[in-house]
Amino acid sequence: MNVIEVVRFAVAGLIANRLRSLLTMLGIIIGIAAVILLTALGNGAAQYIQGQITGLGANSITIIPRTAGGAAGSTSGASARPLTAEDAAAIADPQGAPDVAFVAPVVQTSADAASGRNTTSSTVVGSTPDYFPGSNTKIAAGRPYDRADLDEARKVALIGRTVADDVFGVNSTPLGQEILIDNVPFQVIGVLEARGQGGGLGNPDSNVLAPVTAVQSSLTGYGDLSQIVVGARSTDAQAAAESEINSILDRRHRIDNPDDRDYQVISSRQLAQVLDQTLSAFSLLLAAIAAISLVVGGIGITNIMLVSVTERTREIGIRKALGAPPSAILGQFLVESVILSVLGGLIGVAVGIGGTFIPLGDFKPVVLPSAVVLAVGVSIAIGVFFGGYPARRASRLRPIEALRRE
Amino acid sequence: MTEQDVPVLDVRAMSKVYGEGETAVHALREVDLLVRRGEYVAVIGQSGSGKSTLLNILGCLDAPTSGRYLLEGLDVADLDERQQSILRNRQIGFIFQSFNLIPRTTALANVELPLVYAGVSRRRRHERARAALELVGLGQREDHRPNELSGGQQQRVAVARALVTTPALLLADEPTGNLDSASTSDVLGLFDALHRAGRTIVLITHDDEVAERADRVVVVTDGVLTERTGTVAQQSSIRSRATT
């Protein structure tokens, strides 16, 4: 009596009850496919969101003034200081902040953009050339303003897609044309890549980017800064750069208690951390749901195997009368359930992986190899564990009792 | 004592009681039975007399409540479940009233089954199973499933299955109970041939005509065995007189 014979009996038993075998497998197929698909969804969502965060500007840190009373328990609202050009200069000092690569002071204002009869409202963002890498802004056509434009306060502008569409016509590339920003003529030297809603505060597609010097001289005057965009030397240096910025600004703004800060440092790293925690909780939830469906599938196997043992009691009795040892009966039924669960598991893996190719909104599910290995392992375990009890019952039947059953 | 002298069956003071206390049913009461090699023994009795219980114990399908049972000189009570399954496989060939073939399985596979459990290689198994089917006259039907065979043919497959391991003992429980008269004489003819070939057969029946063919007839009445002496014909006449 060897293993091959046991497997042959098991296969014959399964084939004799094709429909039932298929339905039993269905439970496992759904369970395993659910595990793979749901973990792939969680993983895909995580990767998508990570991509979005790096899209905000890798290594970049944004400092914005905190509005008075914005923080809980803040009592120093009256003494809040705005961000100034001097703050930006202090952060740019390599002595105080060795992990900072560049600093881009930002002046921001709302203005009407017009050409001929067309007018649209836009947000003018005046900054330095470092703003482009710092905010991860990409140019679809033309060139960014450079150091010379900045130094000479040239009235040049890069316009967002929405501004270009509204003022110069849909999908136009008005390089070299003149655009009136609050009636001040600027020359269009570039068009920004469309980013769509959600790339940070406001809509980046209605931005007009110009050198900070030109914006201050013609539109806002030489006042406070709207924000400061800082680039860290590397992703690893981001945390260090953040704490350097905090200590410089705390000193300059005379702040003792971090809760009283009149500015806020926002970085993609912080966002990523928060989202990471949220996503892992989310993934855990999905995995738990999938695990429940696996257990249900396993119970289905026990149920069917018990039915099978009961239904074939007489056959078991005959086999015992012909000299089948308990181990052969145990083996036959155990192998039956293991075949059901493993075959179901493999089909489930195929279905699960196949399911990830169904397009789902913005992000693509990414299959976790560990989930596949785990799912197959679990399906084998289910076969042994949930099939073990009925198989033991079958092997322990007394031959005379088994034979008497009709 | 030579091998030839060891009785195939040696039952001493064997009892079987179902249940306990006042509701206890004594199916067998301290019975003794000795069957020697090559004997053809018929056990007859009314239903409920205990003859099936006796056969089940002889076939190691059930355990006696008390007493000793030696099969080929081996005390069955000393064997564990696995050893008993080996004993059933090697020493005993069963033939049941309801044939008990495995459904949806070909005649050949049914006959091969005991050889599978005996660990015989596939090729030897095929050869021996074919030979056994030839012997019972079903060589042409090896690929038929039980539901494609008549009752008599199914019983012949069952006989082939019982023979295929060349067991020391053939146990038949009402083998003709579900068969018409033509099939009955078919199967009984087979038993006669096996008997002539030197097989030891213990057959249970309630049919005197079937019992007639045996060397020896043992009557079971309320759990007690009595050897019937004289010819079956005489016994029948005595009994018919007693009943009138």
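These legends go with close-up views of a predicted model.

**View 1. The largest cavity, an enclosed space of about 70 Å³.** Searching the whole structure turns up three cavities of 30 Å³ or more. Here we zoom in on the largest one, with a lining that includes Gly13(A), Leu14(A), Asn17(A), Arg20(A) and Ser21(A). Also in the lining are Ile304(A), Met305(A), Ser308(A), Arg312(A), Glu336(A) and Leu340(A).

**View 2. Helices around the largest cavity.** Four helices of chain A each put at least two residues into the lining: α1 (3-16), α2 (18-55), α9 (268-311) and α11 (326-355). The biggest share goes to α9(A), with three residues. As for chemistry, it's a mixed bag: four nonpolar residues, four polar and three charged.

**View 3. Where chain A meets chain B.** Chain A brings 24 residues to the contact and chain B brings 25. Together the two chains bury about 2,200 Å², and carbon and sulfur atoms account for 57% of that.

**View 4. A salt bridge across the interface, Lys320(A) to Glu81(B).** The closest N and O atoms of this pair sit 3.7 Å apart. Between chain A and chain B there are three salt bridges, plus seven residue pairs in polar contact, counting pairs with both residues at pLDDT 80 or more.

**View 5. Chain A's side of the contact.** Two or more residues each come from α1, α10 (313-321), α11 and α13 (399-404) of chain A. Top contributor is α10(A), which gives six residues. Sorted by class, this side has 13 nonpolar, three polar and eight charged residues. Two of the helices seen here, α1 and α11 of chain A, also help line the largest cavity.

How values were computed. Residues are numbered from 1 along each chain as its sequence is written. Chains are lettered from A and ligands numbered from 1 in the order in which they are written. This is a predicted model: local features need pLDDT of at least 70, side-chain atom pairs count only at pLDDT 80 or more; totals for chains, interfaces and linings use all residues. Side-chain values use heavy atoms; hydrogens and water are left out. On a 1 Å grid over the protein atoms alone, a cavity is a set of points where a 1.4 Å probe fits but cannot get out, and a pocket is an open set with protein on both sides within 12 Å along at least five of seven lines; lining residues have an atom within 4 Å of a point. Grid points are joined across faces, edges and corners, and a volume is the space filled by probe spheres set on the points. Ala, Val, Leu, Ile, Met, Phe, Trp, Tyr, Cys and Pro count as nonpolar, Asp, Glu, Lys and Arg as charged, and the others, Gly among them, as polar. Contact means heavy atoms within 4.5 Å. Buried area is the accessible area (1.4 Å probe) that two parts lose on being put together, summed over both. A salt bridge is a side-chain nitrogen of Lys or Arg within 4 Å of a carboxyl oxygen of Asp or Glu. A polar contact is a pair of N or O atoms within 3.5 Å; within protein, one must be able to donate a hydrogen and the other to accept it, and residues adjacent in sequence count only if both atoms are side-chain atoms.
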